[in-house]
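User: I have a chain open here and would like to talk through one of its strands. Could you take me through it?

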Amino acid sequence: MRTLLLLAILAHTATAAEWTISTFAGTGVKGGSGDGGPARAAQIDNPFGVVRGPDGAIWFCEYTGQRIRRVAPDGTISTIAGTGEKGYSGDGGHALQATFNLPHELRFDAKGDLYIVDMTNHAVRKIDMATRMITTIAGNGKPGYSGDGGLARAAQLKQPHSIQFGPEGDLYICDIGNHVIRKIDMKTGTIRTFAGIGKAGPTPDGAPIAGTPLKGPRSLDFDKEGNLWLATREGNQVFKFDLRAGKIFHIAGTGKSGFTGNGGPAKEATLSGPKGISVDAEGNVWLADCESHSIRMINMKTGKLELIAGLNQKGDGPDGDPLGCKMARPHGVFCDADGTVFIGDSESHRVRLLKKK
């Protein structure tokens with residue numbers, strides 16, 4: 001069976017062969033040590049969201065480490081927020097004294113301030129990078145689905161997972177527990193439902209954004225044309241939201257869970273709980289396909305789904321060949337401007353990177 005699996009993978013490696021994989025941060029041992037030293041020698045704890053900051057550093061959240069950490073351009077790691085304890089405290093004070101409850105993803109706004117999804121505090125929090133003071137900007141800390149039309153701080157969210165700023169500067173939130181995408185007008189601070197109807201359902205190709213159900217909206221990103229891209233966790237699909245046309249288009253995944261279709265049409269492939277999505281400079285769409293322990297990419301020129309890293313087997317693989325590197329439930333993926341792809345390889349307790357040869 002293993003031989004057949006590897007043969008199937010190798011039949012579609014033309015794209016994967018162009019890449020190498022290496023460890024960027026973490027030793028593979030779960031922990032929180034190493035601040036002030038090289039990131040590769042540090043212990044990290046379940047990295048999820050990864051992003052490059054305006055300072056040139058790589059930032060990531062530790063989901064079970066309850067911290068936000070930063071790797072400087074010289075490779076030195078430090079903790080920026082969180083005590084390491086689980087909780088919901090610290091608003092109005094320094095971010096290092098705050099507590100989180102499973103921080104899931106992080107993004108920077110145009111001013112350079114940092115926003116964090118604090119998942120099981122049902123909130124989105126902000127760190128003012130000039131003062132390092134932390135505040136809550138969305139969610140009242142209680143799970144629910146309320147507050148549309150009012151201030152985001154007073155609204156209820158239910159296990160928000162992913163955030164991203166749209167081209168107009170507003171903040172979009174994957175409110176996965178409510179099967180909706182919420183949107184905060186950053187000028188007024190008000191929140192509304194952007195997509196979804198509050199319960200899970202099928203998302204037909206070409207359907208209008210307004211009034212169409214979603215099934216587990218998990219992770220989102222924007223491309224350079226201003227389209228919103230969404231990976232659905234329970235839906236096992238990828239959609240493009242054309243904001244100008246007001247429509248949703250099906251791009252990948254049959255809706256069934258699986259690991260088929262590598263090298264073939266993306267719409268005919270099966271996905272396995274995609275947890276992260278990122279659009280690269282060429283418009284290709286990268287997925288952290290969590291439950292297949294792999295990184296897969298939708299080539300938008302060909303419409304095909306390519307396997308780039310991992311082999312549908314959980315583990316902690318070596319640097320070098322991406323298809324020889326086992327991963328363990330990766331949740332984060334981030335395409336850098338230079339084409340490098342960073343991976344939050346969560347249960348391997350590493351941040352990895354893919355580079356073109």
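Analyst: What follows is a short exchange about one strand and its neighbours. This is a predicted model, in which local features need pLDDT of at least 70, side-chain atom pairs count only at pLDDT 80 or more, and totals for chains, interfaces and linings use all residues. Residues are numbered from 1 along each chain as its sequence is written, and side-chain values use heavy atoms, with hydrogens and water left out.

User: What is the mean pLDDT of the chain?

Analyst: The mean is 95, and 96% of the residues reach 70 or more, pLDDT being the predictor's confidence in each residue, from 0 to 100. Over residues 1-13, however, pLDDT stays under 50.

User: OK, on to β3: how many of its residues are buried?

Analyst: In β3, residues 58-62, 5 of 5 residues are buried, that is, under 20% relative accessible area with a 1.4 Å probe, protein chains only. Strands here are DSSP runs of E, at least two residues, numbered from the N terminus.

User: Which way do the side chains point?

Analyst: I58, F60 and E62 point one way, while W59 and C61 point the other way. In a regular strand the side chains alternate between the two faces of the sheet.

User: And which residue of β2 stands opposite E62?

Analyst: That is P47; β2 (residues 47-52) runs antiparallel to β3, joined by 4 bridges, and strands pair if DSSP finds at least two bridges between them. The hairpin of β2 and β3 has 5 residues between the strands, with G56 in the turn at a positive phi of about 90°.

User: What about the β4 side, where is the partner of C61?

Analyst: C61 has I68 in β4 as its bridge partner, and 5 bridges join β3 to β4 (residues 67-71), again antiparallel. This hairpin has 4 residues between β3 and β4, and Q66 in the turn has a positive phi of about 60°.

How values were computed. Buried < 20%, exposed > 50% of the residue type's maximum accessible area, 1.4 Å probe, protein only. Contact = heavy atoms within 4.5 Å.
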